[in-house]
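Please work through the following exercises with the sequence and the structure at hand. Each one sets a task and then solves it step by step.

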Amino acid sequence: MGVNSLDDVGTDAETVTASIIGGSGFTGGELLRLLASHPSIELVEVTSRSKAGKSVGSVHPPLRGTDLRFTEPADLESVDVLFAATPHGVSMGQIDEFFDVADTVVDLSADFRLEREAQYDEWYDGHDAPEYLEKSEYALPEINRENLEGADLIAGGGCNATATILGLYPLFEHDILDGDEQIVVDVKVGSSEGGAGGGEASSHPERSGVVRPYAPTGHRHEAEIEQFLGTSVSFTCHAVDMIRGASATSHVFPSGPVSKGDLWQAYRGEYEDEPFVRMAAGGSGVYRYPEPKAIAGTNMAEVGFELDPSNKRVVVFSAIDNMMKGSAGQAVHAANIALGLEETAGLEFTGLHPVGAP
Amino acid sequence: MGVNSLDDVGTDAETVTASIIGGSGFTGGELLRLLASHPSIELVEVTSRSKAGKSVGSVHPPLRGTDLRFTEPADLESVDVLFAATPHGVSMGQIDEFFDVADTVVDLSADFRLEREAQYDEWYDGHDAPEYLEKSEYALPEINRENLEGADLIAGGGCNATATILGLYPLFEHDILDGDEQIVVDVKVGSSEGGAGGGEASSHPERSGVVRPYAPTGHRHEAEIEQFLGTSVSFTCHAVDMIRGASATSHVFPSGPVSKGDLWQAYRGEYEDEPFVRMAAGGSGVYRYPEPKAIAGTNMAEVGFELDPSNKRVVVFSAIDNMMKGSAGQAVHAANIALGLEETAGLEFTGLHPVGAP
Amino acid sequence: MGVNSLDDVGTDAETVTASIIGGSGFTGGELLRLLASHPSIELVEVTSRSKAGKSVGSVHPPLRGTDLRFTEPADLESVDVLFAATPHGVSMGQIDEFFDVADTVVDLSADFRLEREAQYDEWYDGHDAPEYLEKSEYALPEINRENLEGADLIAGGGCNATATILGLYPLFEHDILDGDEQIVVDVKVGSSEGGAGGGEASSHPERSGVVRPYAPTGHRHEAEIEQFLGTSVSFTCHAVDMIRGASATSHVFPSGPVSKGDLWQAYRGEYEDEPFVRMAAGGSGVYRYPEPKAIAGTNMAEVGFELDPSNKRVVVFSAIDNMMKGSAGQAVHAANIALGLEETAGLEFTGLHPVGAP
Amino acid sequence: MGVNSLDDVGTDAETVTASIIGGSGFTGGELLRLLASHPSIELVEVTSRSKAGKSVGSVHPPLRGTDLRFTEPADLESVDVLFAATPHGVSMGQIDEFFDVADTVVDLSADFRLEREAQYDEWYDGHDAPEYLEKSEYALPEINRENLEGADLIAGGGCNATATILGLYPLFEHDILDGDEQIVVDVKVGSSEGGAGGGEASSHPERSGVVRPYAPTGHRHEAEIEQFLGTSVSFTCHAVDMIRGASATSHVFPSGPVSKGDLWQAYRGEYEDEPFVRMAAGGSGVYRYPEPKAIAGTNMAEVGFELDPSNKRVVVFSAIDNMMKGSAGQAVHAANIALGLEETAGLEFTGLHPVGAP
Amino acid sequence: MTECVECGADVALHDDLEVGEIVDCTTCGAELEVVDTAPPVLERAPELEEDWGE
Amino acid sequence: MTECVECGADVALHDDLEVGEIVDCTTCGAELEVVDTAPPVLERAPELEEDWGE
Ligand SMILES: NC(=O)c1ccc[n+]([C@@H]2O[C@H](COP(=O)([O-])OP(=O)(O)OC[C@H]3O[C@@H](n4cnc5c(N)ncnc54)[C@H](OP(=O)(O)O)[C@@H]3O)[C@@H](O)[C@H]2O)c1
Ligand SMILES: NC(=O)c1ccc[n+]([C@@H]2O[C@H](COP(=O)([O-])OP(=O)(O)OC[C@H]3O[C@@H](n4cnc5c(N)ncnc54)[C@H](OP(=O)(O)O)[C@@H]3O)[C@@H](O)[C@H]2O)c1
Ligand SMILES: NC(=O)c1ccc[n+]([C@@H]2O[C@H](COP(=O)([O-])OP(=O)(O)OC[C@H]3O[C@@H](n4cnc5c(N)ncnc54)[C@H](OP(=O)(O)O)[C@@H]3O)[C@@H](O)[C@H]2O)c1
Ligand SMILES: NC(=O)c1ccc[n+]([C@@H]2O[C@H](COP(=O)([O-])OP(=O)(O)OC[C@H]3O[C@@H](n4cnc5c(N)ncnc54)[C@H](OP(=O)(O)O)[C@@H]3O)[C@@H](O)[C@H]2O)c1
Ligand SMILES: [Zn+2]
Ligand SMILES: [Zn+2]
């Protein structure tokens, strides 16, 4: 009864083994889904302290019918690669134990994204294992592919940071921006960003139908963005009524003249060969610019722009699924590269149309 | 059967008579609802060409049970005040006929918002009755109360323009901005902004759950905003999943230093005595900044701000119900002032909690 | 700043004083909203143990700007009428204290809805104050108006029970059903039914977009329905994606032949003079049968039906706002009657169109 | 740029060629998505009269970046299997032309679902090609697998009929019901059931947040259900706020005593080996019974039940994605069987968690 | 493999099972308590009475 | 009436105010701690650092 894809995974010689810490959460559930049907990865264990012993389908209903059960983190056996989908602060405290379990660690939290301890002092509450910071590689292949090959410690990017960086990066690479300009990034996000926890503000009656400023200033993802773009951004986040999705609208003011041709050249130059970035900038029909619905459930990022000549402004739109390109998908993508697997393996799902608040 | 408030309205000597053109539409339906229970206005006729003869409740279900029926525009009798809730272009072509029907005309479209014919040439497709432009008064009392008293032709503000102007106006009045600064306005709007028409892009399957850039640049409301603030703004609109609501996030960069105290002084200075503006800027709990859910169904605007010292930025949030403060409510508010009625008459509904995608 | 309707309430001789226990919850918040603008009731105190000292607007954003603050239940002064909006079990334990505070008590919980202690043994966990059961009056005026006049203890009906009873009652009164027939009641409800508590199942990511069977059998509201209709019903509830609203579809199979005329006679006979029941049974346009959107935010119930001759079935639809007709509105309606006030006082709001997931 | 899965499809010897008529619609879009990544089917052409010449991604955004364009129906080349996703009435008028194009035709409309012309006279507006009725096979493998092998004309089931039949079928097969009992089927459906057309009732402002009775009686799917279960059902449909999904709650009253064990035996007996049916009937956690969110985007059906001893009732819940198991997925499943391909080929996607109004 | 007492389906159990452990049946979702381990015996676990928020 | 230290608006206070009590300003929502009662003196209450669920 059921397409038990988890049980069908082969175990041939070439297969890489993997386990997940934090598999009862939202991004851990996505990792579970992705790894369970990954052609070259065999999923071995998935931990949850609160649900240990229960079947994974009891938490993630699409997996109902599979025999896999959550285990305790302490019971993890050795595998090739360990994915951690735990809250900020957990991985930095247990990173040595993680490396006891696996030679390759992919961490989805913020714990290894920044390069220097000082950044953690400024933006977070310091760091427990700063010696790992210089060894870790940021998981976003579009800006860090070469360093991911063979990496031992991979730090999954922040979802809002990923959307923002993907939108702005070509403008810096192609000298349309040089870092001295005013950059306003106005982000709209879905409720899965908050994780599986719940709480009054994320209850259905209070959270439905909102356009709610949250983190109006001082959002921690600014640190990542600044690290990779080399400039600070004016960043504001809003919760809106969707479950998956992060959509960044970046308003930038290049100092010199810019044509649509220049913009296409910059974006096509960066992304033409990228398997998980797609352009949308005008055109016809209902979907003309990047939007979360168009990529919900997939690892695809959509990036596009419009020119506002009267204000000498370029508006950049970028949209990702925070659970995929913004976390679990990006992590699997990076792991594929690090382990020498097919880059797009396990990430081929193309998405649905029509789809609701995804 | 039913609380037939429409039928109960008294007709004493002090009552002002009113009719509505375009009552089968969304803003016309709101006018209908407001005027039907207005203590000093007697609603006489409501037109719809496509629904003439049908009861108003057949289109607007909360009014089911009332005996009022739509009539043809051609059959309008003389009244004291005529409200027009027709698409852009209709009123400018029929304004003389409107004044045949009533001495006071309140138009909800863009037809009489701008001051000069040249603005219509630039932003719209010209104007049919430019001689009325200098006679018309913009309906937003917070910036134009004194001129509304006794006004004959009132032009209801654009919904996105209203949200934006209310958010930024105090900064200009209190010299925190002087017009030379970069201003980015990032707006999120609900589906009722599009009117009752329908169409593929606004069908439920395609429109649900979106964060969809529309009017990424060159939005016509920029003209109104510029007219009242004296500076152009970098304006971008996004459709999000709600029905009512326009939420503007304005990112501004004052040239001099600004404290929270300065901001409070500016905003409290402008709005403390305003019956339909409320501040929300921090605090505790679920609702900390302006958001459409908090004012859905009411004529209230919420305005608030946050300081971003590291980027020398002020982020201003403003939220209105586009059907109320953004159109029908603003129109009734302005008419109350113009006709010498109690300013808040008919607009006292305080709103619901909890409420969904409002 | 703000239309502080709460502060404006007059205190003339005729005014009845009232307080609310449980004013930080959902139905308590509705009571607060209704009483604050009630023409003949002066709201004195509103309790919340967890929010004592905070302004009511910090929890219910539409009330922002009013000076009223939550107090501790222990600090309640004497008033004319006390409303309790506490979870099941609280009122039965404190009913004597409630009557120390006020001569009239209106309780929104299930604690005084049933007539006999045995029913509480069967459907709940027994009763602490069974001596009050025979003194209490069910708040639904459509079936119990005469007994409400002068009542001391009023028990607000369950929201799903209210929707069901209003739908089926005319069929029993007019002998279209006699109690021996199969009755299937399939209910769809919004998330505010669960109260302000929160929890994983009611978190936005898990609760959005659901059609989720909950209480598939054995729902406690069956007890109330059986008590008033004199027959048991096959009752199943589903959570759907709205915030306010309870919609009951009752499928009944009359033993004799029934025409549409018979049905109209039964329903018009019962409800023609009711201020808060409206019929919708066919017609044209988008809204043809009862539905929650049409009455969201109001105290109106919509009731309608359709005939299925090939299955000898009558399908009855009834829709209410669970926060209004299903709890707070019904309570105020009953209190108006009990206290000899204008029956519709404070309940005149007619609702919005269009409106989203209300 | 983009994972162009469509362009990557191999064309080895074993591949079956296929085309789609009506590929700009909702179910046609799903077929397109499924066939484009089907391991053994090569998609050749996709028609749309209104969008001929446009790329498929301009209508279905997840397919942006693929080179396939819509063609005119008249230009169809010969293929092995032709899928028609056109409105009711189109296929019956063109069925001979369809067989000119392909030896196997899979029609998603109602045109070939019923066995006898008389049924089309009763439930539809007659039939243009009644000679094909006895040749066609109903696509639902769970009740018709043996006849699908080698079938030339396959009729995709109705979405609501599919949900209902899957829920009730085991009760008839295992003699828990014999056809003389009262059966009430209360269905809740998403907006994609209405197709891509649009219209006022399905506009976002009017369709959001509804629980709207539509087809309260006399729904045409009753004909299919009756044909396969051998008894008529009392059937009522409600539109609710989701995009994908059909959820049927069937209330049945077996004449003899039934235990949970009997029910499990019946359901497990029928479905244990079915790849696309999964049970959910109690258990713990948030998702306990079938619901559309749990299977959104997949070809899985969830079926479950609860016992109501006090009313001698069994409540059966069944949930499908109307675009998948209810149409395109079912069609591909049936085609796989008819053509001797792997039964689950192209249908392996397991679904997402969390997911919104899917 | 042990049979679920609720639905009769086989329940896959891991090796180091302990008495008192709660597992759920992957077919019907029922929560089952391990009351013996050699051989494994499962009983329906006491249900938490759920408040459906009535 | 006492002035809010955040926004400057008047804060209406009840009579039996106690030191240490937290009230919120109905204009700006700021949480204020009562540090003296005769006359009332309000200070900004220590803020709970909110986790925005990043
Ligand atoms: N949600 C997003 O969109 C998103 C995007 C990008 C990055 N991230 C990052 O990804 C991480 C996970 O986020 P999420 O949204 O998936 O959170 P979540 O839903 O709250 O899940 C957290 C998981 O971690 C486990 N866990 C918590 N504390 C643990 C500990 N001390 N040791 C072992 N396991 C522990 C939890 O299970 P038990 O408590 O049962 O063990 C749970 O499975 C976070 O660092 C977040 O910042 C999230
Ligand atoms: N929706 C908003 O949030 C909003 C906010 C601010 C301002 N506005 C402005 O308010 C106006 C109305 O907007 P809406 O959203 O209410 O539009 P709507 O829903 O499309 O309604 C338009 C109404 O005008 C009537 N109408 C159309 N053409 C007419 C004509 N030539 N003569 C007489 N009546 C005509 C229509 O009824 P019949 O065709 O049956 O006669 C209908 O009742 C527009 O100018 C809009 O820009 C709207
Ligand atoms: N929601 C509905 O649609 C609906 C419909 C019909 C009937 N009802 C009934 O109405 C009642 C309230 O429901 P709700 O949805 O409003 O619940 P809610 O949102 O959970 O609110 C409960 C309120 O009661 C207070 N409270 C809890 N325990 C208390 C105690 N021991 N003493 C004093 N106050 C206490 C809470 O505040 P503090 O904890 O801060 O004091 C809170 O203000 C319930 O009995 C419910 O069954 C609800
Ligand atoms: N939606 C569902 O959930 C669902 C479920 C089960 C079954 N069905 C059935 O599936 C069929 C399609 O439904 P849908 O929802 O996908 O409808 P839809 O979105 O309206 O699409 C209809 C498609 O058919 C094409 N078409 C219309 N008339 C045609 C003609 N005369 N010749 C050739 N092509 C024509 C249209 O494109 P052009 O006009 O551009 O050619 C369009 O691509 C219907 O029969 C429906 O009953 C639908
Ligand atoms: Zn079982
Ligand atoms: Zn203040």
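The domain bounds used below come from an automatic or database domain assignment, and a residue counts as near a molecule if one of its heavy atoms lies within 4 Å of it. The model is predicted.

**Exercise 1. The shell around ligand 2**

Task: Find which domains of chain B give residues to the shell around ligand 2, and describe that shell.

Solution. Begin with the residues themselves: ligand 2 is surrounded by 26 residues, and the closest are Ser24(B), Ser48(B), Ser50(B), Thr86(B) and Asn322(B). Next, place the shell in the chain, where domain 1 (6-158 + 324-338) and domain 2 (159-320) of chain B each supply at least three of its residues.

Then look at individual atom pairs that involve oxygen atoms of ligand 2. A polar side-chain atom of Ser24(B) is 2.7 Å from an oxygen atom of the ligand, while for Thr27(B) an N or O atom in the side chain lies 2.8 Å from an oxygen atom of ligand 2. The backbone takes part as well, since a polar backbone atom of Gly22(B) is found 3.1 Å from a ligand oxygen.

Taken alone, ligand 2 exposes 890 Å², and the protein buries 84% of that. The elements of chain B that give two or more residues to this shell are helix 2 (26-36) and helix 11 (324-338). Finally, sorted by class, the shell around ligand 2 holds eight nonpolar, 15 polar and three charged residues.

**Exercise 2. The shell around ligand 3**

Task: Work out which chains surround ligand 3, and what that says about the site.

Solution. Count the neighbours: there are 27 residues around ligand 3, and those that come nearest are Ser24(C), Thr27(C), Ser48(C), Ser50(C) and Thr86(C). The residues that surround ligand 3 come from chains C and E, and the site is therefore shared between chains. Within chain C, at least three residues of the shell are drawn from each of domain 1 (6-158 + 324-338) and domain 2 (159-320).

The atom pairs can be taken in order of residue number. Ser24(C) places a polar side-chain atom 2.7 Å from an oxygen atom of ligand 3, Phe26(C) has a backbone N or O atom 3.0 Å from an oxygen atom of the ligand, and a polar side-chain atom of Ser50(C) lies 2.6 Å from a ligand oxygen.

On its own, ligand 3 has 890 Å² of accessible area, of which the protein covers 86%. Helix 2 (26-36) and helix 11 (324-338) of chain C are the elements that give two or more residues to the shell around ligand 3. The class count for this shell is eight nonpolar, 15 polar and four charged residues.

**Exercise 3. The position of ligand 4**

Task: Explain where ligand 4 lies with respect to the two domains of chain D.

Solution. Of the 26 residues around ligand 4, the nearest are Ser24(D), Ser48(D), Ser50(D), Thr86(D) and Asn322(D). Because domain 1 (6-158 + 324-338) and domain 2 (159-320) of chain D both give residues to this shell, ligand 4 lies between them. The shell consists of eight nonpolar, 15 polar and three charged residues.

For the atom pairs, the side chain of Thr27(D) has an N or O atom 2.8 Å from an oxygen atom of ligand 4, and a polar backbone atom of Arg49(D) is likewise 2.8 Å from a ligand oxygen. The backbone of His88(D) brings an N or O atom to 3.5 Å from an oxygen atom of ligand 4. Alone, ligand 4 exposes 890 Å², and 83% of that is buried by the protein.

**Exercise 4. Two domains in contact**

Task: Describe how domain 1 and domain 2 of chain A meet.

Solution. Chain A is divided into domain 1 (6-158 + 324-338) and domain 2 (159-320), and the C-alpha centres of these domains lie 25 Å apart. Their contact takes 25 residues from domain 1 and 31 residues from domain 2.

The area buried between the two domains of chain A is about 2300 Å², with carbon and sulfur atoms giving 59% of it. On the side of domain 1, Trp123(A), Glu142(A) and Lys325(A) lose the most area to domain 2, together 28% of what that side buries.

Key
Residues numbered from 1 in each chain as written. Chains lettered and ligands numbered in written order. Predicted model: local features only at pLDDT ≥ 70, side-chain atom pairs only at ≥ 80, totals over all residues. Heavy atoms only, no water. Polar contact = N/O pair within 3.5 Å; in protein donor to acceptor, adjacent residues only side chain to side chain. Areas by Shrake-Rupley, 256 points an atom, 1.4 Å probe, with all protein chains shown as cover. Nonpolar A, V, L, I, M, F, W, Y, C, P; charged D, E, K, R; others polar. Contact = heavy atoms within 4.5 Å. Buried area = accessible area lost by both parts, 1.4 Å probe. Helix = DSSP H or I, 4+ residues; strand = E, 2+ residues; numbered from the N terminus.
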